[in-house]
Amino acid sequence: MKKIVLLCVGGMSTSLMVTKMKDYADSIGFECEINAYAVNTAAKNAKDADMILLGPQVRFSMDEIKVQCPGVPVEAMDMMDYGMMKGEKVMKHVLEVIGK
């Protein structure tokens with residue numbers, strides 16, 4: 001099972017994106033765990049993830065997150081996809097990066 005972590009300021013603003021991504025993953029039979037956390041908890045909650053996605057508002061933290069979670073792909077979600085809550089599109093990108 002793959003583990004995907006979304007990071008934002010407080011871990012709350014990404015909760016809808018988590019739901020949308022899970023809905024798409026379920027629809028294609030992809031088993032994964034997707035959770036959202038505050039960016040300042042990355043070392044604790046994301047170091048064993050298969051992929052980390054940053055909310056646009058914390059994209060400036062990318063270099064720091066890469067240091068805290070070595071070997072884990074870290075990307076910022078596209079601002080438009082995030083704003084429009086395009087969970088399917090974001091999940092398809094995750095699948096391209098980590099494979100199914």
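What radius of gyration would a compact globule with 100 residues have, and what does the protein have? The globule would be near 13 Å, and the protein has 12 Å. So the value agrees with a compact globule. Keep in mind that this is a predicted model.

Next, the dimensions. Along the principal axes, the C-alpha atoms fill a box of roughly 35 × 25 × 20 Å. Of the 100 residues, 45% count as buried. The accessible surface comes to about 5400 Å². Carbon and sulfur atoms account for 54% of that surface.

Now the fold. We have five helices and four strands. Reading along the sequence gives β-α-β-α-β-α-β-α-α. The pattern starts with a strand and ends with two helices in a row. On to contacts. Take those between residues at least 6 apart in sequence. Of these, 67% join residues at least 24 apart.

Charges next. There are 12 positive and 13 negative charges in the protein. How far apart are their mean positions? The answer is 1 Å.

Then the cysteines. How many disulfides does the structure hold? Zero. Cysteine 8 is in no disulfide, and its nearest cysteine sulfur belongs to cysteine 69, 15 Å away. Cysteine 69 is likewise in no disulfide; for that residue, the nearest cysteine sulfur is the one of cysteine 8. The cut-off for a disulfide is a sulfur pair within 2.5 Å. Are these two residues buried or exposed? Cysteine 8 has a relative accessible area of 0%, so this residue is buried. Cysteine 69 is also at 0%, so the verdict there is buried too.

Last stop, lysine 86. Where is this residue placed? Lysine 86 is in the loop between α4, residues 79-83, and α5, residues 87-98. Its relative accessibility is 35%. Buried means under 20% and exposed means over 50%, so lysine 86 counts as partly exposed. What does lysine 86 touch, leaving out residues up to four places away in sequence? Met17 and Asp81. One more distance for this residue. Lysine 86 and glutamate 96 are 10 residues apart in sequence. In space, C-alpha to C-alpha, the separation of lysine 86 and glutamate 96 is 16 Å.

To recap. The radius of gyration agrees with a compact globule. The structure holds zero disulfides. Lysine 86 sits in the loop between α4 and α5, and is partly exposed. That's it from me.

Key: Residues are numbered from 1 along each chain as its sequence is written. This is a predicted model: local features need pLDDT of at least 70, side-chain atom pairs count only at pLDDT 80 or more; totals for chains, interfaces and linings use all residues. Side-chain values use heavy atoms; hydrogens and water are left out. Buried means under 20% relative accessible area, exposed over 50%, partly exposed in between (1.4 Å probe, protein chains only). The radius of gyration is taken over C-alpha atoms; the globule rule is 2.2 Å times the number of residues to the power 0.38. Contact means heavy atoms within 4.5 Å. Accessible areas come from the Shrake-Rupley method with a 1.4 Å probe; for residues, only the protein chains shown count as cover. Lys and Arg count as positive and Asp and Glu as negative; His and the chain ends are not counted. The place of a charge is taken as NZ of Lys, CZ of Arg, CG of Asp or CD of Glu.
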